[in-house]
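User: Please take a close look at one part of this model, the packing of a pair of helices, and then set that part in the context of the whole assembly.

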Number of protein chains: 2
Amino acid sequence: MATIKDVAKLAGVAISTVSYALNDSTKISQATKIKVLEAARQLNYQKNGFASDLKRTKTNTIALILSDLAGPFYSELTKGVQEVCIANGYDLIACSSQGGAQSTAVKFLTEKRVDGAIILDHNISDDIIIQSARKGFPLILLDRALKNDHVVLVEVDNFQGGYGATEYLIQHGHKDIAFISGPLNSHDSNMRHKGYLAAISENHLIQHSKWYMQGDFTRDGGYLATKILIAQGNLPSGVFYANDEMAVGGIQAFRENKINVPKDVSIIGYDDIQLAEFTTPPLTTVRQPKYEAGALAMHLILQQLSGQIVNPYYKLSTELIERKSVK
Amino acid sequence: MATIKDVAKLAGVAISTVSYALNDSTKISQATKIKVLEAARQLNYQKNGFASDLKRTKTNTIALILSDLAGPFYSELTKGVQEVCIANGYDLIACSSQGGAQSTAVKFLTEKRVDGAIILDHNISDDIIIQSARKGFPLILLDRALKNDHVVLVEVDNFQGGYGATEYLIQHGHKDIAFISGPLNSHDSNMRHKGYLAAISENHLIQHSKWYMQGDFTRDGGYLATKILIAQGNLPSGVFYANDEMAVGGIQAFRENKINVPKDVSIIGYDDIQLAEFTTPPLTTVRQPKYEAGALAMHLILQQLSGQIVNPYYKLSTELIERKSVK
DNA sequence: CTGTTAGCGCGTTCAC
DNA sequence: GTGAACGCGCTAACAG
């Protein structure tokens, strides 16, 4: 593979001249430029990006770290990040934490391979984050609580979202409301649950333990939890699923048991995934401002890269999307 | 930011000793190792990944290049790529071509920033690909035709898919079948169309030009094309949409015009997106083996990286998913 | 067996 | 337009 050296030799000029010519510097005469470009083309020269990054000590790229590249869930968020990123001339790469401590994500965080990172990923341990956080390396954490001087938190107000969803059910006359949680270690799910509990208690309703089911944010998990709920007998009149995927599974479980949604039981989800609009009945849910979160995160990185000080904490509000799954 | 030099100074040893210690070489005594590690920890030392990549002239990472990181469409494919990648100890990063010639994707392709790449992205021009293709740099092109010695093609058989979909409609008694295409420059859409035409002509049906509509692979495009189809009067009895997104838009258009699917008109899509199962009626469609394509692509890269010669061309078959949108 | 010196890899940039 | 230092870590060869 040809290097800048080969090009210089072929063009009969110094290495630095080639570098200037390729970067279109004004220091170089038109004639030399052409000569160099021609030599580069002949040799099919391609520069080594690392070498220049190394020299410049900046990469001009931002990493977006997700639990799983394959998840369609992050689409909106990614869009927000991506648009701001491109508009500002930065490169964006997405990588996943699949693979544990050897994962690509960790490598990018700890090895100075990017200028900044946005993390929405609970597989990345606090330790790794703390270890990576440093001055001059903007690190934005989405939906996660962690106190560190070099880290900025952007959170969607899951408490408010959970509270709002529950309140909505209560306003529609529901008194017995079940909650299907996400994984136990999910900060998001826990906050939604707290919001739920707050709404329950402020309205002087009682929280039966049998109306708390643990799910795992998957469709199957929601299906299973709902089956158990049904098997317990004595249905609640409303169910709040900590995310839409589980609600979709729940709808299926109810249908299989000839329980009509929303006539027999009202349900509400969380996330407003694309599917929510198409379930039968269409799912009432809580929309998270994902695009906004992504765009905000990226803006915060850019601001920090340009030397500004930003607040360490941002909270975004959710919005209730009324459809047909609540009576 | 601390470099290896600082660590050496603090630990009171040579730079190379630090390097050996950090890479856990046997050349170094346990005591020195501990001393070095301790110094590294104190300084919060983090190595510069580029510097080592530069030296090793390999990055151990593979790029997956997509038109748009935000598209949920590629989820399955990504999964296939990702799993194989991780299982083999390679890193995977995803990047998008948004941003044209300055895009991250182009940068990764041309600047030796990765050891190999998988491209499913028609925004990347043939020129760029040809320019990037080189010996020792495995480049897999998905759903794209391009003849080049250093490039491997993996294609889903869109002709067969289009043929099969049309044949299916014909077998169900449909004679007047419309085709809603994707963007004109889409290789996929064109091949599906060719399959459609072949099925039509082999069954001695006639192809009316008014039953060819141009769409753009979006839901809105499908909606619009369908509205026009309806406005023309004299509906076809079957419609083959070149992708599911458009079919979803089509269903909506039919519903708004009180045309019942599948009673009044049968429709069939292409892709088997997650949504297809949830439309009303559930959409009959052609499933592409996306996971398999991704896994295959990644395998081909690994094989090439280990020095094997692989075939330059692979074709995967589609599968028809019967649901309820065809009578 | 431990640790050091020296040079590499490749492009950038400053002083001349 | 050029020479040479530089950025940072890796590693072969060599000295202690």
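Analyst: In this predicted model, helix 2 of chain A, residues 15–22, packs on helix 3 of chain A, residues 30–43, at an angle of about 95°, and their axes are 9 Å apart. Because angles of 65 to 115 degrees count as roughly perpendicular, helix 2 of chain A is described as roughly perpendicular to helix 3 of chain A. On the side of helix 2 of chain A, the contact is made by Thr17(A), Val18(A), Ala21(A) and Leu22(A), which meet Thr32(A), Lys33(A), Val36(A), Leu37(A) and Ala40(A) of helix 3 of chain A. By residue class, this contact between helix 2 and helix 3 of chain A comprises six nonpolar residues, two polar and one charged.

As for the wider setting in the chain, the domain assignment divides chain A into domain 1 (4–54), domain 2 (61–156 + 290–318) and domain 3 (158–287). The centres of domain 1 of chain A and domain 2 of chain A, taken over C-alpha atoms, are separated by 36 Å.

A second helix pair, in chain B, can be described in the same terms. Helix 10 of chain B (residues 219–231) and helix 11 of chain B (residues 244–256) pack at about 45° with their axes 6 Å apart, and these two helices of chain B are therefore oblique to each other. Their crossing is right-handed. Among the residues that make this contact are Tyr223(B), Thr226(B) and Ile230(B) from helix 10 of chain B, together with Met246(B), Val248(B) and Phe254(B) from helix 11 of chain B. The residues of the contact between helix 10 and helix 11 of chain B divide into seven nonpolar, six polar and four charged.

Turning to the assembly, the contact between the chains takes 39 residues from chain B and 38 residues from chain A. On the side of chain B that touches chain A, the elements giving two or more residues are helix 4 (49–56), helix 5 (75–87), strand 2 (91–96) and helix 6 (104–110) of chain B, of which strand 2 of chain B gives the most, with six residues. The residues on that side of chain B divide into 14 nonpolar, 17 polar and eight charged.

Chain B is superposed on chain A by a rotation of 180° with 0.0 Å of shift along its axis, at an RMSD of 0.3 Å, which is the relation of a two-fold axis. Because 95% of the interface residues of chain B are also interface residues in chain A, the copies meet through the same surface.

Technical notes
Residues numbered from 1 in each chain as written. Chains lettered and ligands numbered in written order. Predicted model: local features only at pLDDT ≥ 70, side-chain atom pairs only at ≥ 80, totals over all residues. Contact = placed C-beta atoms within 7 Å. Helix = DSSP H or I, 4+ residues; strand = E, 2+ residues; numbered from the N terminus. Nonpolar A, V, L, I, M, F, W, Y, C, P; charged D, E, K, R; others polar. Least-squares fit on C-alpha atoms with pLDDT ≥ 70 in both. Domains from an automatic or database assignment. Axes fitted to C-alpha atoms, helices over the stretch in contact; angles between N-to-C directions. Parallel < 35°, antiparallel > 145°, perpendicular 65-115°, else oblique. Left-handed = near helix turned anticlockwise from the far one by under 90°.
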